[in-house]
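This report introduces the structure shown below to a reader who has not met it before. Please have the sequence and the model at hand while reading.

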Amino acid sequence: MRRLNKPDRHGAEAVEGRGLAKENTEQQNTSRTQCRNNDVPSALDRVRQAARRSRGERFSALFHHITLDRLEAAFFAIKKNAAAGVDGVTWEQYEQDLGENLRGLYDRLHGGAYRAKPSRRVFIPKVDGQMRPLGIATLEDKIVQRVVAELLNAIYEVDFLGFSYGFRPGRQAHLALDALAVGIRRKKVSWVLDADVRNFFGSISHEWMMEFLQHRIADRRILRLIRKWLKAGVMENERWTASEEGSPQGASISPLLANVYLHYALDLWVQRWRTRYARGDVIIVRWADDFVVGFQYEAEGRGFQPRLCARLGKFGLTLHPEKTRLIRFGRFAKHDAKRLDGQRKPATFSFLGFAHFCGVNRNGKFQVERRTMSKRLTAKLKSVKAELRKRMHHDLVEQGRWLQAVVRGYFRYHAIPGNWNALGRFRTQIARLWFRSLRRRSQNSTLTWSRMSAIAARWLPPARILHPYPEQRLHAIIRGRSPVR
C-alpha cells in the first residue's frame, strides 16, 4: 500500500519557545530537500536538547508533536499480526482506509474527542507455572501510545540513571547482564540482594504516577491522555472492570510509565543512599521491576533491605517475599560459605533468565558464571513439544524450517560465554522431541536415530557462543567510561 501523502501543515514548533513566529506559520524549521549542510535538529532532537540543558525544566508544549506523520509511522511500527483489542479491529482492516482512519484519529486527538478504550485482558503462562495478566489495547490506542512514548522518551532518557536498563532504547538485556557481571567482579562485592517487586504493574498508584510525571510534563493534554489510559479499565469475559490502580502490562505506554515510576520511587533514592550513607562499594542493576544490588559489607546489605521495603511501601509497592533474598556472593563467597556457613557451595541467584554462580576462569581468577535457568529451558521444551504435536503430519522440510527458527532464536538470547553446555542440551532435546514426533507418524516407522542425527545436522543450528565476554562488549560500548553503576 502507498503511504500517506504529506499534506501542507504547519512546521513543528520548538519546545518551550516556539521556533516560528505566529505570522510565519508557512515557514519550515528544516530544508525541504536533503543536503550536506542541513544540520538543523529534528523536533525530537530539540526536545532532547532542551531536557538536557535544564534537568528541572517542565515541558508545556508537547501535544503539537502528535502529527499525522508520527501517527502513520507508529502504525507501521506495529506488528501486522498483533492481537486486536476490545473493538476487534485488526492491522489489515485499519490499513484498508489508512488515510481516512489516521486523519479521523488526528482530528479527535486535537479536537478533544479522543476516548481511550478498555484493554482486553488475557493471561499467558509464566515460567513458574503461574499466569501473567496482559492488557491488549485497541489498535488506535496502540498508535497514540507509541507516539506519546516516543515524545516522553526524548525527555526521560536524559533523566534516567545508568543502572536502569529495562525497556529503554539501545539497552538490551545482555547489556544489563554484562554490567552486573563486570560490576560484581571489579567492585568489592561480597553480598547480593536479589529483589523483585510483587505485582508491580498491578500496584502502580495512579495519583503518584501523575505526580511523578508532572515533575517534567506540564502539557495538560499529554497528562490527560495518560490519565485516560490509566483509567480506561479492562474487559474480561465481556465484563468491564474499573482501574483504580495499576497499568496494563502489555500496553505500549506501560514500559515507559513503569520506568518513570521506579525512577522516582526507587532509582533516585538508591543513588542518594549509596553516595551519602554507604561505606563500602555498592552496585545496582535494574531491569523493570527486577533488580540486583551488590554490597561490600553484610551489615549494609541487611540494613538496606528494611529501608528499601519502607521506601517502596510509601508508593504502594512491596517486595516479593519468595523472590527477594540477601545471599553471600563474590570472589570470597566459596571460601566463606564453607568456613562460616557450613555450606559446600555459595548460593546462586537468577536474573533475566540466567542463573548466576561464583566461578573461576582458566587462570583461577574469580568470575561470574551464567547458565540458562532450568525452569526456563524446561518451559521452552514443553512449548516446542506441544507445537510439534500440532505439526506432526506437516512436511519434513516445513518442520525443519520452523525448528531451525526456534533454535536460532533461542541461541540468539542464551548463547553467552559459559553457557555452551545448556545450549548443547537444548539442541539435543529438540532433536529427540522431533525424532519421537516423526516416529509417531506411522506405526511402522523405520526412522533410526542415526538417520535422525543427519536430519538434525541438516536443519538444527549447532550450539556455539554468539555473544562476547562482558568486559569486551562493555569496553567497546563505553570506551573508557565507567561501566559499573
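## Helix 9 and its surroundings

In this predicted model, helix 9 packs through its buried residues against four helices: helix 4 (98-111), helix 5 (139-159), helix 8 (206-213) and helix 10 (254-276). The residues of helix 9 that are buried are Ile222, Leu223, Leu225, Ile226, Trp229 and Leu230. Viewed down the helix axis, these buried residues fall within an arc of 155°, so they line one face of helix 9.

Helix 9 comprises 12 residues (220-231), for which a rise of 1.5 Å a residue predicts a span of 16 Å; the C-alpha atoms at its ends are 16 Å apart, in agreement. At the N-terminal end, Asp219 acts as a cap, with a side-chain oxygen 3.0 Å from the backbone nitrogen of Arg221. Gly233, which follows the helix, has a positive phi near 85°.

## Nonpolar cores

The largest nonpolar core contains 80 residues, and Ile66, Leu71 and Ile143 touch the most other members. Beyond its neighbours within four places in sequence, Ile66 is in contact with residues including Leu71, Tyr106, Val147, Ile222 and Leu225. Another core, of 26 residues, lies apart from this one; among its members are Val406, Ala431, Met452 and Ala463.

## Strands 10 and 11

Strand 10 (residues 354-360) pairs with strand 11 in the antiparallel sense, over 7 bridges. Gly359 stands opposite Gln367 of strand 11. The hairpin has 5 residues between the two strands, and Gly364 adopts a positive phi near 80° there.

Side chains alternate along strand 11 (residues 366-372). Phe366, Val368, Arg370 and Thr372 point to one face and are buried, whereas Gln367, Glu369 and Arg371 point to the other and are not buried.

Notes: Residues are numbered from 1 along each chain as its sequence is written. This is a predicted model: local features need pLDDT of at least 70, side-chain atom pairs count only at pLDDT 80 or more; totals for chains, interfaces and linings use all residues. Side-chain values use heavy atoms; hydrogens and water are left out. A nonpolar core is a set of buried Ala, Val, Leu, Ile, Met, Phe, Trp, Tyr and Cys residues joined through side-chain atoms within 4.5 Å. Buried means under 20% relative accessible area, exposed over 50%, partly exposed in between (1.4 Å probe, protein chains only). Contact means heavy atoms within 4.5 Å. The expected span of a helix is 1.5 Å times one less than its number of residues. The arc is that of the directions from the helix axis to the C-beta atoms. A polar contact is a pair of N or O atoms within 3.5 Å; within protein, one must be able to donate a hydrogen and the other to accept it, and residues adjacent in sequence count only if both atoms are side-chain atoms. Two strands pair if DSSP finds at least two bridges between them.
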